[in-house]
Amino acid sequence: MRELLVLGTASQTPTRQRNHNGYLLRWDDEVLLFDPGEGSQRQMLHTGVSATDLTRICVTHFHGDHCLGLPGMIQRLSLDRVPHRVAVHFPAGGIDYFERLRHASSFHETAELAVEPIGADGQRITLGIGTLEARRLRHPVETYGYRLVEPDGCRMLPERLAAYGIAGPAVGKLHRDGHLDLDGRRVTRDEVSVTRPGQRFAFVMDTGLCDGVYALAEHADLLVIESTFLESEAALAAEVGHLTAAQAARVATESGVRTLVLTHFSQRYADPRRFADEARAHFTGELVIAEDLMTVPVPPRRVASSG
Ligand SMILES: [Zn+2]
């Protein structure tokens, strides 16, 4: 199962309709929590995901709307006696903030955190499901966006294997070695399989337009990206290190994104349809204006290609 569960969508301060940020990504056996703002713990209750399900927490930067939910979330891991280690990533320069949030109040600490700060642009973490990569973004404090890249795989075609009379352990050997010698003839893996394109998820939060944004968004099946402002405030957005809906939509188009999720809205705009209208002029793919507690499926895998 691969899907995004939205906990909150407000920038800076919560509103009556929008909680502070918070996003869960369910991806096979990993559940990643991104940027838990205030109230994330309670929002999570509504999604049916429990603290025990969490495997990894990723924080983009230490502005309050992206991290004030950490104390509650970390304490909850201990309260629920989560038996597995939970990895936590955040900008290395913010380690003092992290330690203060982690020990913000007294609790009986039993849960084990694997604290793995991000210290460099392009840092990669190898997971069972693919590679988690962090890219530096442009914001007044040290900020990293993340993307999850599943490697391309290969799917064996039973009818082609049968045509060559390949069965049993020979299939595994062909898969591993890339070829198999059969009665004086060499059969290659490409002849009996198709490429199974890997999927990509990208999370781009709090940034002005920069190379990191494009590096993260490249060919994302699902891109979650901040669009704090509209173009009418483009100058302000650039000044304070944020994106407009039009900029985010153009990035998505130029990067070949399939599903675009806009979020982190400034409370100055009462009508979220304005973000949709602005983005729609620049992006023709699947567009989602995020609402709290919404579920967004990762789109089906791209069509497999031969060989
Ligand atoms: Zn920020």
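**Exercise 1. Work out whether Asp206 is buried or exposed, and what its backbone does.**

Step 1. Asp206 has a relative accessibility of 2%, so it counts as buried (buried is under 20% relative accessible area, exposed over 50%, partly exposed in between, with a 1.4 Å probe and protein chains only).

Step 2. Find its place: Asp206 sits in the loop between β14 (200-204) and α6 (211-217). Helices here are DSSP runs of H or I with at least four residues, strands are runs of E with at least two, and both are numbered from the N terminus.

Step 3. Check the backbone: phi of Asp206 is near 50 degrees, which is a positive value in a residue other than glycine.

A word on the model before going on. This is a predicted model, where local features need pLDDT of at least 70 and side-chain atom pairs count only at pLDDT 80 or more, while totals for chains, interfaces and linings use all residues. Residues are numbered from 1 along each chain as its sequence is written, and side-chain values use heavy atoms, with hydrogens and water left out.

**Exercise 2. Set Arg81 beside Asp206: where is Arg81, and is it buried or exposed?**

Step 1. Arg81 also has a positive phi, about 50 degrees, without being a glycine.

Step 2. Its loop runs between α2 (70-79) and β5 (86-89).

Step 3. With 54% relative accessibility, Arg81 counts as exposed, whereas Asp206 is buried.

**Exercise 3. Describe the surroundings of Ala220.**

Step 1. Ala220 belongs to the loop between α6 and β15 (222-226).

Step 2. Its relative accessibility is 1%, so Ala220 is buried.

Step 3. Now list the partners, skipping neighbours within four places in sequence: Ala220 is in contact with Arg200, Ala202, Gly256, Val257, Arg258 and Arg302 (contact means heavy atoms within 4.5 Å).

Step 4. Take one of these, Val257: it is 37 residues from Ala220 along the chain, yet their C-alpha atoms are separated by 4.9 Å.

**Exercise 4. Work out how many residues of helix α8 are buried, and what covers them.**

Step 1. Helix α8 spans residues 245-254, and seven of its ten residues are buried.

Step 2. Those are Ala245, Ala246, Gln247, Ala248, Ala249, Val251 and Ala252.

Step 3. The cover over them includes α6, β15, β16 and α9.

Step 4. Look just past the helix: Gly256 takes a positive phi of about 70 degrees right after α8. Gly256 is also among the contacts of Ala220.

**Exercise 5. For contrast, place Pro158 and say whether it is buried or exposed.**

Step 1. Pro158 lies in helix α4 (residues 158-164).

Step 2. Its relative accessible area is 56%, so Pro158 is exposed.

Step 3. Between Pro158 and Ser193, 35 residues apart along the chain, the C-alpha separation is 8.6 Å.

**Exercise 6. Characterise the two largest pockets, then place Tyr269.**

Step 1. The largest pocket holds about 270 Å³ of space. Of its 15 lining residues, Ser11, Gln12, Thr228, Phe229 and His242 are the closest to its centre.

Step 2. Pin down the terms. On a 1 Å grid over the protein atoms alone, a pocket is an open set of points where a 1.4 Å probe fits, with protein on both sides within 12 Å along at least five of seven lines; lining residues have an atom within 4 Å of a point. Volume is the space filled by probe spheres set on the points, with grid points joined across faces, edges and corners.

Step 3. Sort the lining by class: four nonpolar, eight polar and three charged residues. Ala, Val, Leu, Ile, Met, Phe, Trp, Tyr, Cys and Pro count as nonpolar, Asp, Glu, Lys and Arg as charged, and the others, Gly among them, as polar.

Step 4. The second largest pocket comes to about 190 Å³, and its lining has five nonpolar, four polar and three charged residues. Among them are Arg18, Tyr269, Asp271 and Glu291.

Step 5. Tyr269 is in the loop between β16 (259-263) and α9 (273-280), and is buried at 9% relative accessibility. Beyond four places in sequence, its contacts include Thr228 and Phe229, two residues that also line the largest pocket.
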